[in-house]
Amino acid sequence: MTSTRKVLNWIGMGLFVLLGVAATIPLFLIIIDIYSKGIDAINRLGGLWHFLTSEPPSPLSKSGGVGPPLIGTLYMTALGAIGGFALGFPLGVYIGEMRREKLANAARVGVNVLVEFPTITIGLFVYAVMGLVQDDLNRYILGPVSATLKAALGNSVFYNYVSWFVGPLDSFNAYAGAAALALVMIPYVALITASAYASVAQPLREAAYGIGGREFNALFIVMRKVVSRAVLTAALIGTAKIAGETAPLLFTAFGNNYYAPFTGSTGAVSLWIYAASETPYNVQIMSAYGAAAVLLTIILILFISARIKAIHD
Amino acid sequence: MTKLEAKNLQVSFGNVAVITGLNLSIPEGSITALMGPSGSGKSTLLRVFNRLIELYPEAHVGGYVYLDGQDIFEIDVIELRRRVQMIFQIPNPIPNLSIFENVALGLKLNRLAKNRKELYQRVKTALEKAQLWDEVKDRLNAPAGKLSGGQQQRLCVARSLAFEPEVLLADEPTANLDPENTAKIEALLLDLKKEMTIVLVTHFPQQAARISDYVAFLYKGQIVERGPTKDIFTKPRHELTEKYVTGRLY
Ligand SMILES: Nc1ncnc2c1ncn2[C@@H]1O[C@H](COP(=O)(O)OP(=O)(O)OP(=O)(O)O)[C@@H](O)[C@H]1O
Ligand SMILES: [Mg+2]
């Protein structure tokens with residue numbers, strides 16, 4: 001190698017390293033900034049436990065937290081992730097394995113479009129659907145169901161708990177929020193699942209059909225075990241993605257600063273951050289930083305467990 | 001007794017005809033070696049026998065194949081694949097599943113064991129028959145991908161044997177193995193023919209000579225010649241067969 005080429009080589013390598021560093025610096029800056037401000041805010045607002053359980057601070061109070069929004073985020077994210085995975089996974093298997101079917105191709109195109117959709121439109125869509133079905137749903141299903149439950153359980157404490165989860169729905173409620181989050185997650189899980197299945201080598205596919213018996217077993221049990229790592233990663237990262245979503249919740253869960261039944265407006269940490277950062281009150285802005293630290297922790301835990309799982313295998 | 005019989009079998013991929021009116025009968029309780037140049041349709045033929053060919057949507061199959069006189073396309077495909085098992089050139093255990101699970105999974109999915117004790121017993125028996133038990137009995141929970149190539153191939157044999165199949169299709173099972181592991185597989189096949197019918201695809205005339213009872217020579221999608229192994233090697237009737245067994249046709 002001539003010396004000019006060597007020098008050029010070094011410059012090239014140096015540029016790559018620089019680009020790599022440049023790409024990760026903002027990430028670390030954001031994380032450090034949120035945690036330093038967030039931890040300070042949590043301490044000043046009454047400590048971690050208080051912060052995690054109490055209602056958001058009113059403009060003139062000195063302490064507060066993200067209790068109700070945190071419960072809402074956990075509940076809606078869990079439901080949304082279960083729904084998103086339950087629908088996204090089989091859809092992905094269908095798209096990945098039935099590549100020659102016209103309908104599967106149409107589904108693939110649809111999913112590719114859906115994954116690029118602005119998530120606020122997904123929230124609007126669920127809001128519109130909610131408006132269409134709400135009355136009938138309440139009159140014919142949820143009303144009778146909650147009446148039956150009440151008759152069976154009486155006015156017991158237990159019924160009180162149940163009524164937080166089951167009952168006629170308001171137009172803003174946690175289930176609409178969860179549905180919107182599920183819709184955000186479906187195409188994501190479907191695409192990762194589809195590419196994982198499509199990349200399974202033909203010998204393993206033949207093994208799956210050779211030992212699986214019926215096709216359902218071959219696809220959903222044997223081959224799922226082959227791609228389990230990719231699918232688990234998809235599930236965890238998809239969950240992390242929806243845990244931090246704000247836009248799909250604006251018209252569905254709406255937000256709530258108080259502990260309230262999931263059948264009505266429900267808070268979410270992301271919604272509180274959004275609302276609090278708009279106010280002129282310092283105590284609320286502080287709580288937004290604390291809330292951001294809490295949300296980031298949830299998301300980092302999901303990401304890191306996905307990484308650990310990947311390294312462990 | 002004829003175990004498997006193909007009559008006027010035709011297979012095409014799209015509009016490329018690969019098997020063109022093939023007739024073959026495979027006697028029960030024997031090893032039939034299937035030989036022929038690369039691309040002559042040997043693997044395709046095996047995939048028809050257990051209907052794995054149906055995983056290839058562009059493949060079209062015509063003609064008949066009978067298992068014990070019964071049309072295989074009328075038999076429930078799940079039952080057929082249980083009775084006609086296959087091992088491949090590249091060992092294909094599920095790499096991230098444990099050694100035990102690789103053998104047990106098929107039994108569980110097909111509900112072939114009534115309880116855990118019976119499941120364990122059947123897995124153990126299959127691993128013993130495949131001459132693998134002694135090497136893995138202390139690490140049944142280790143992932144199958146950690147085994148050596150030869151061990152992986154015997155694990156695949158065990159996985160097939162767990163179904164107690166009537167026919168074992170082996171597609172160049174030793175092509176990727178060293179001589180020692182090859183000898184183990186050959187001994188294993190010889191032992192297994194007491195219990196089942198074996199169809200062995202091989203590129204090695206010596207291997208066919210060592211362990212097969214019959215040889216069928218496949219050329220361009222048809223059986224050119226079939227007969228007892230000794231006859232094929234000592235007095236081949238067809239010029240192509242002679243060329244192949246003497247190494248002048250690939
Ligand atoms: N999925 C497929 N799509 C299209 N053509 C195929 C497909 N599988 C096999 N073929 C063609 O069918 C012919 C027979 O293939 P096959 O694998 O049965 O040959 P083979 O005798 O097993 O060869 P080898 O000894 O190399 O394994 C080949 O010409 C091959 O290109
Ligand atoms: Mg082949």
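Helix 1 of chain B is the biggest giver to the shell around ligand 1 in this predicted model, putting in three residues. The full set of residues around the ligand runs from Phe13(B) and Val18(B) through Gly36(B), Ser38(B), Gly39(B), Ser40(B), Gly41(B), Lys42(B), Ser43(B) and Thr44(B) to Tyr56(B) and Glu58(B). Sorted by character, that shell comes out as seven polar, three nonpolar and two charged residues.

Phe13(B) also turns up in the sheet pairing, where Phe13(B) sits opposite Val16(B) of strand 2 of chain B. Strands 1 and 2 of chain B are joined antiparallel over nine bridges. They belong to an open sheet of four strands in chain B, ordered 2-1-4-5, with antiparallel pairing. Strand 2 (16-27) and strand 5 (70-71) of chain B are the edges, each pairing on one side only.

Strand 1 (residues 2-13) of chain B also holds Asn8(B), whose backbone does something a bit odd: phi is near 50 degrees, a positive value in a residue that isn't glycine. Most residues other than glycine have a negative phi. As for its surroundings, Asn8(B) counts as exposed because it has just 11 C-beta neighbours inside 10 Å, and the cut-off for exposed is 12 or fewer. Arg51(B) is another non-glycine residue with a positive phi, of about 60 degrees. Arg51(B) sits in the loop of chain B that links helix 1 (42-49) with strand 4 (59-67). With 18 C-beta neighbours inside 10 Å, Arg51(B) falls short of the 20 needed for buried but is over the limit of 12 for exposed, so it is classed as partly exposed.

Elsewhere in chain B, strand 9 (residues 214-219) has five of its six residues buried, so the rest of the structure largely encloses it. On one hand, strand 9 of chain B runs parallel to strand 3 (residues 31-35) of chain B, and four bridges join the two. Within strand 9 of chain B, the residue standing opposite Ala33(B) is Val215(B). On the other hand, strand 9 of chain B is linked to strand 10 (residues 222-228) of chain B by six bridges, this time antiparallel. Here Phe217(B) has Glu225(B) in strand 10 of chain B as its bridge partner. Strands 9 and 10 of chain B make a hairpin with two residues between them, and Lys220(B) in the turn has a positive phi of about 50 degrees.

Chain A is a rather different read: it has 13 helices and zero strands. Its C-alpha atoms fill a box of roughly 80 × 55 × 35 Å along the principal axes. Of the 313 residues in chain A, 40% are buried. Among contacts in chain A with a separation of 6 or more, 74% come from residues 24 or more positions apart.

Where the two chains meet, the contact draws on 19 residues from chain A and 18 residues from chain B. On the chain A side, helix 8 (202-212) and helix 9 (215-226) each supply at least two residues. Helix 8 of chain A gives the most to that side, with nine residues. By character, the chain A side splits into eight nonpolar, six charged and five polar residues.

Terms used. Residues numbered from 1 in each chain as written. Chains lettered and ligands numbered in written order. Predicted model: local features only at pLDDT ≥ 70, side-chain atom pairs only at ≥ 80, totals over all residues. Pairing = 2+ DSSP bridges. Contact = placed C-beta atoms within 7 Å. Nonpolar A, V, L, I, M, F, W, Y, C, P; charged D, E, K, R; others polar. Near = placed C-beta within 6 Å.
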